[in-house]
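Dear colleague,

I am writing to hand over a structure for your study. Please open it below and keep it in view while you read the notes that follow.

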Amino acid sequence: MSLARVQHISVSLDGFATGEGQSLEAPFGHAGERLHEWMFATRWGRAMLRRPGGSGGVDDAILRLFPAGIGAEIMGAGKFGYPGWHENPDWKGPWGSNPPFHTPVFVLTHHPRPSIEMKGGTTYHFIDASPAEALATAREAAGGQDVRIGGGPTMVRDFLAAGLIDHLHIVVVPILLGRGVRLWDGLEGLEKDYEVESVSTPSGVTHVTFTRAGL
């Protein structure tokens, strides 16, 4: 069965998955890269930045699950670009000419535009759809493989509220942001529908997984 999966969305101790004041120069607002320093210290994370080195271990091994079994991704407009990117016809996302997805990617936006084919198998499709409609479209494109729900936090929260997430991987980072966009608002009791496991690693982060009961 095709699953809807969230892979390693980083969240602060006070529940924020991005900071306040997002812009082209500051994609995560005042949080900067603090939510993702653990990721870019690993071999996988450094390779994504086309840099050598990095650590192995548990964090690196978990990150390498990112592409496994994924046939399509859904992401929110805020992940694809800075506020107002829809007014820039040349904007093709922040990942360069060969993005790390290598699948069809469905960008949820109120400003649809023609699809953009990138190197490496990534094609961006821009759709204005509900979570259920977007997931049905992505599953058809995924050809029986899983669909990654790529974020940001508002979109992930909407999919969770609609009961559409089968597997959720949260990385709790030991920082306090105080402001920004929270992941958990309105999701009281979510854990009742999932089997929850956690593991802490030497980097200081805690990986928490929610797997739908019965899978």
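**Ile-149 and the nonpolar cores**

Apart from its neighbours within four places in sequence, Ile-149 is in contact with Ala-4, Arg-5, Val-6, Ile-74, Leu-135, Met-155, Val-156, Phe-159 and Ile-165. Please bear in mind throughout that this is a predicted model.

Ile-149 belongs to the largest nonpolar core, which has 30 residues. Within that core, Ile-74, Ile-149 and Phe-159 touch the most other members. The core draws on many elements: E1, E3, E4, H5, E7, H6, E8 and strand E11 (206–212) each supply at least two of its residues. There is also a second, separate core of 25 residues, and among its members are Leu-35, Phe-66, Val-171 and Val-205. As general background, nonpolar side chains tend to be buried together in soluble globular proteins.

**The chain as a whole**

The protein chain contains six helices and 11 strands. Its C-alpha trace spans about 45 × 40 × 30 Å along the principal axes. For 215 residues, a compact globule would have a radius of gyration near 17 Å, and the 16 Å of this chain agrees with that. Of the 215 residues, 44% count as buried. The chain exposes about 10,400 Å², of which carbon and sulfur atoms supply 53%. Among contacts with a separation of 6 or more, 63% are between residues 24 or more positions apart.

**The sheet**

In what order do the strands of the open sheet lie? The nine strands follow the order E5-E6-E4-E3-E7-E1-E8-E11-E10, and their pairing is mixed. Strand E5 (116–117) and strand E10 (194–200) stand at the edges; each has a single partner strand, so one side of each is left without a neighbour in the sheet.

The part of the sheet from E5 to E3 can be followed pair by pair. E5 and E6 are antiparallel and pair over two bridges, with Glu-117 having Thr-123 in E6 as its bridge partner. Five residues lie between the strands of this hairpin, and Gly-120 there takes a positive phi near 80°.

Strand E6 (residues 123–127) runs parallel to strand E4 (residues 104–108), and five bridges join the two. Thr-123 in E6 is the bridge partner of Pro-104, Tyr-124 in E6 stands opposite Val-105, and Phe-126 in E6 stands opposite Val-107. On the other side of the pairing order, E4 is joined to E3 by four bridges, and these two strands also run parallel. Here Ile-74 has Phe-106 in E4 as its bridge partner.

Both E4 and E6 are mostly covered. Four of the five residues of E4 are buried, and four of the five residues of E6 are buried.

**A residue just before E4**

Thr-103 lies in the loop between helix H4 (77–80) and E4. Is Thr-103 buried or exposed? Its relative accessibility is 7%, under the 20% cut-off, and Thr-103 therefore counts as buried. Leaving out neighbours within four places in sequence, the contacts of Thr-103 are Ile-70, Gly-71, Ala-72, Glu-73, Gly-121, Thr-122 and Thr-123.

**Two helices across the sheet**

Which strands does helix H5 lie across? Helix H5 (residues 131–142) lies across strand E1 (4–12), strand E3 (70–76), E4, E6 and strand E7 (146–149), and it runs at about 150° to E3.

Helix H6 (residues 153–161) lies across E1, E3, E4, E7, strand E8 (167–173) and E10, running at about 110° to E3. The buried residues in H6 include Pro-153, Met-155, Val-156, Arg-157, Phe-159 and Leu-160. Three of these names, Met-155, Val-156 and Phe-159, appeared earlier as contacts of Ile-149. After H6 comes Gly-163, which has a positive phi near 70°.

To begin, I suggest locating Ile-149 and the residues in contact with it, Ile-74 and Phe-159 among them. From there you may proceed to the sheet and the helices.

With kind regards

Notes. Residues numbered from 1 in each chain as written. Heavy atoms only, no water. Pairing = 2+ DSSP bridges. Contact = heavy atoms within 4.5 Å. Axes fitted to C-alpha atoms, helices over the stretch in contact; angles between N-to-C directions. Buried < 20%, exposed > 50% of the residue type's maximum accessible area, 1.4 Å probe, protein only. Core = buried A, V, L, I, M, F, W, Y, C linked by side-chain atoms within 4.5 Å. Rg over C-alpha atoms; globule rule 2.2 N^0.38 Å. Areas by Shrake-Rupley, 256 points an atom, 1.4 Å probe, with all protein chains shown as cover.
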